[in-house]
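The following exercises concern burial, helix packing, the nonpolar core and the contact between chains. Each task is followed by a solution in steps.

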Amino acid sequence: MHDMSTHAAHHGAPTSFIRKHIFSLDHKVIGKQYYGLALLAAVIGMVLSWLMRLHLGFANFAIPGLHLLSKTGAPSDVMTPEYYLQLMTMHGTIMVFFVLTTAPFAAFGNYFLPIQAGAEDMPFPHFNMMSFWVTFVGFCVLVASFFVGDGPSLAGWTQYAPLSAVGSIAGPGEGMGEVLWASSIAIFCIGQLLGSLNFITTTLDMRCKGMSLMRLPLTSWAWFITSLMGLTAFAVLMPACILLILDHVAGTSFFVASNLVINGQLLPHSGGSTLLWQHLFWFFGHPEVYIAIVPAMGIVSHILITNMRRPLLSHRVLIYCMASIAVLSYMVYGHHMFVSGMNPYSSLAFSFPTLIITIPATIIVLIWIGSIYGSKLRINAASLFALGFVSMFISGGISGFFLAQPSIDIMLHATYFVVGHFHLVMAVAAMFGIFAGTYFWFPKMFGRMMNDTLGKLHFWLSFVGAYCIFMPFHYLGIAGNVRRYQAFTDPYLVPLIPVHKFITVAALLTGAAQAIFVYNLVYSRFWGPKASDNPWQGTSLEWSTASPPPHNNFGDTMPVVYHDPYQYSVEGASADFIMQTSPENVHSGKEEQ
Amino acid sequence: MAKLLAVTIVIIAILSAIPIITHKWPGDISVGLPQDISTHGALIDEQFSDTMLEAGIAFLASQLLLAFFIWKYSNPKPDAKVKRFPGGATGLVLAGFMLVGTEVLALGVFGAKAWGAQYFTPPAPDAVQVQVQAQQFAFYFRYPGPDGKFGPIHPNLINEAEANFFGLDTTNDQDSKDDIVTAEIAVPVNREVHLLMHSRDLGHSFYVPELRVHQDFVPGLDLSLHFTATKIGKYEIACTQLCGLGHYAMTAYLEVMSESDYENWLKQQAALQ
């Protein structure tokens, strides 16, 4: 532990509007900027999903005004097959990279990691500012692809080569749209690498006096573990994207094999490997699942603890399990490639770690559920979303048992079963983590309370709605419904269309319910009741400073930590919680260890 | 409100399980596994059922336990004291290791058997050989003809207009002269079939749910697949690897025929070349 917080990241409070709100070095402003970007991206991503669902549920449905977005993609407001795939690609890319990565990790992590560690800021504030603005540029580059030539890439968020590597000869969007996609993600990776470096050094070097590693809250641990994953995963995806760009613009053949004939034309490429892209992509792609979900695990743990008025049954086990998941996440990626043509013995080698990763995940769930036992559970919007997360994580995680086995993957690979699985476990669960975190930390970030009644209404509509959307996906997949089809014209798929209609209606209603959240967010930001410094009676350092915190987080006196992070309901204490900064002398029970 | 959440979780868990158990969606829509028409499919189906049983129990048990604890421990009296779960974290960690560890070991070991039946067993030497070529957005099939040999492929000779889909040189390559190229595949019932698969352009896939086969086409790689169909009928081949704007329409049919019908069909196709 080092006490560097008083000098390493010191920078004076900004005075100009630009340095205060735009090119700010303050981790809190950067965190809010990331949150704003994620919110914008989530709205775009959700609208895209609405368009896709309308098209799938009601074939040839004319969506009024769609031609304004693309004259060629939606003549007469009806989507063309390629435009469906383009919107699908953009939906997945925007959601995975610019929502599920930025909100739980970059947004909340930026804002709260330094505060929870007791630091004045992150050690490299300029890198931190660059991290956000580079990410923002990446987002703009991606959105720009909507407006070029034949539109954005249609190769899906996984961008399998050679479809993604051979240019516009393979179809609309595979020319400039594809180059913009790869450029955007390469830029995004740079932003996340800069951010990860800051997270790691903040955790290791910026903790205040008394803040041992084990005294960090579970959120900080989750962000730290995630930043380690980010450092290695994005460092692989970025060069992969650069190689992909080179295949387009420099005539290289990293991902294009010899003697391919597309549209009657023999390609000049030779010697590339199609599977190389899949290996590189999934080496990033599977850890990315955990980059989205581990911060949410930390957030949910933190919120459950505060609202249960007790620590989890084990602080250390949670940390060890999250760390195990991070390590194992690099050994499981091949389960995305069971039927890809790689050596079938490799499939077994990837199958066992994939099955084994369910052990730490299960232990985490058992610790959460076991900790509710005998607790004093408070119900509010934040705790509802946290409990909803647990339910979603169970549902989405359990279907992983199927996809971890190559023999069963023969039936389920590339079907809607996979779509249901990853949406529940990665997307919806992570979104629930984001919502829980928002309701919980909004008072600290903005100094005002959100409306809890609206928050609860938002929860009920989202919880029931998400199950109505994503559980039926599993049934479709079992029946053999292939994903990434823009229409279900095959005789064996036609009978399943009523299920798609049900999902579409559920998606429209659940999506509309998110307006309640946006309204609550905007209204509360300006007109919500003033928040106290510690409205939830929390114990970690963010609750020991003002709401919102001052420029250097703690004012004139930097905090000194005396306790483990979650001293709730301690026998003999003067209140049912003891803040980390309280010098009150208490006996730390065994269960907090 | 906590009790409402508990009840909602229970209702969702039960409703979610019903289509899995009944294989039906309201309106008598079948959402179970398609019928199995292969010799190796029984092992896959058994593995699927075993996994469904174990996962189903884990799903229902954990959701119901979550709901029960939410019901019981929310909004306690102000003077209530927190209680510790019997056995604490140690018990839960051991339970996680023992229950899930045993489950994943069993699934992994038995699943390897089902996978091996398909992928670790070579096709019989007398299996019917069919070459399959995938391309945007069609499958083409080639039978070796009476000589039992496939002629070489020349990518530069591929010509859609002249229906030379494989790039065969029937003038100079002796082995190509009797090759039979078709847009659909027919196979004899109860005889092993060995598919030799390659892609002409991009990534594609060969998925016949009833046959319990699923294999990607990878440009630059020659891959193979073997199966024995046990039921006469016509089954759809779907591409599951996103290959461009016409991906959804990239289908072909696999017809399983009696041995005599298959021989007749092959003769008819040869006459059409």
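**Exercise 1.** Classify A:Ile187 as buried or exposed, and describe its surroundings.

*Solution.* Step 1: a residue is buried if 20 or more other C-beta atoms lie within 10 Å of its own, exposed if 12 or fewer, and partly exposed in between, with C-beta atoms placed from the backbone. Step 2: A:Ile187 has 21 other C-beta atoms within 10 Å and is therefore buried. Step 3: the residue belongs to helix H6 (residues 176–205) of chain A; helices (H or I, at least four residues) and strands (E, at least two) are DSSP runs numbered from the N terminus. Step 4: beyond residues up to four places away in sequence, A:Ile187 touches A:Val134, A:Val137, A:Gly138 and A:Val141, where contact requires C-beta atoms, placed from the backbone, within 7 Å.

The model is predicted: local features need pLDDT of at least 70, side-chain atom pairs count only at pLDDT 80 or more, and totals for chains, interfaces and linings use all residues. Residues are numbered from 1 along each chain as its sequence is written, while chains are lettered from A and ligands numbered from 1 in the order in which they are written.

**Exercise 2.** Apply the burial criterion to B:Asn156: is this residue buried or exposed?

*Solution.* Step 1: B:Asn156 counts as exposed because it has 10 C-beta neighbours inside 10 Å. Step 2: its location is the loop between strand S4 (138–143) and strand S5 (180–182) of chain B. Step 3: leaving aside neighbours within four places in sequence, B:Asn156 is in contact with A:Leu266 and B:Gly167.

**Exercise 3.** Determine how helix H12 (residues 381–398) and helix H15 (residues 416–446) of chain A are oriented to each other.

*Solution.* Step 1: the two axes come within 8 Å and cross at roughly 170°; axes are lines fitted to C-alpha atoms, for helices over the stretch in contact, and angles run from 0 to 180 degrees between N-to-C directions. Step 2: H12(A) is therefore roughly antiparallel to H15(A), given that angles under 35 degrees count as roughly parallel, over 145 as roughly antiparallel, 65 to 115 as roughly perpendicular and the rest as oblique. Step 3: the residues that meet include A:Phe385 and A:Phe389 in H12(A), and A:Ala429 and A:Ala436 in H15(A).

**Exercise 4.** Repeat the analysis for helix H8 (residues 274–308) of chain A and H15(A).

*Solution.* Step 1: these axes also come within 8 Å, crossing at roughly 40°. Step 2: H8(A) and H15(A) are therefore oblique to each other. Step 3: among the contact residues are A:Ile293 of H8(A), and A:Ala429 and A:Ala436 of H15(A).

**Exercise 5.** State which residues have the most contacts inside the largest nonpolar core.

*Solution.* Step 1: a nonpolar core is a set of buried Ala, Val, Leu, Ile, Met, Phe, Trp, Tyr and Cys residues joined through C-beta atoms within 7 Å. Step 2: the largest has 291 residues, and those with the most contacts inside it are A:Ile293, A:Met322, A:Ile367, A:Phe385, A:Phe389, A:Ala429 and A:Ala436. Step 3: helix H4 (residues 81–117) of chain A gives the most to this core, with 23 residues.

**Exercise 6.** Establish how many residues of each chain are in contact across the two chains.

*Solution.* Step 1: 91 residues of chain B are in contact with 95 residues of chain A. Step 2: H3(B) gives the most to the side of chain B that touches chain A, with 17 residues.
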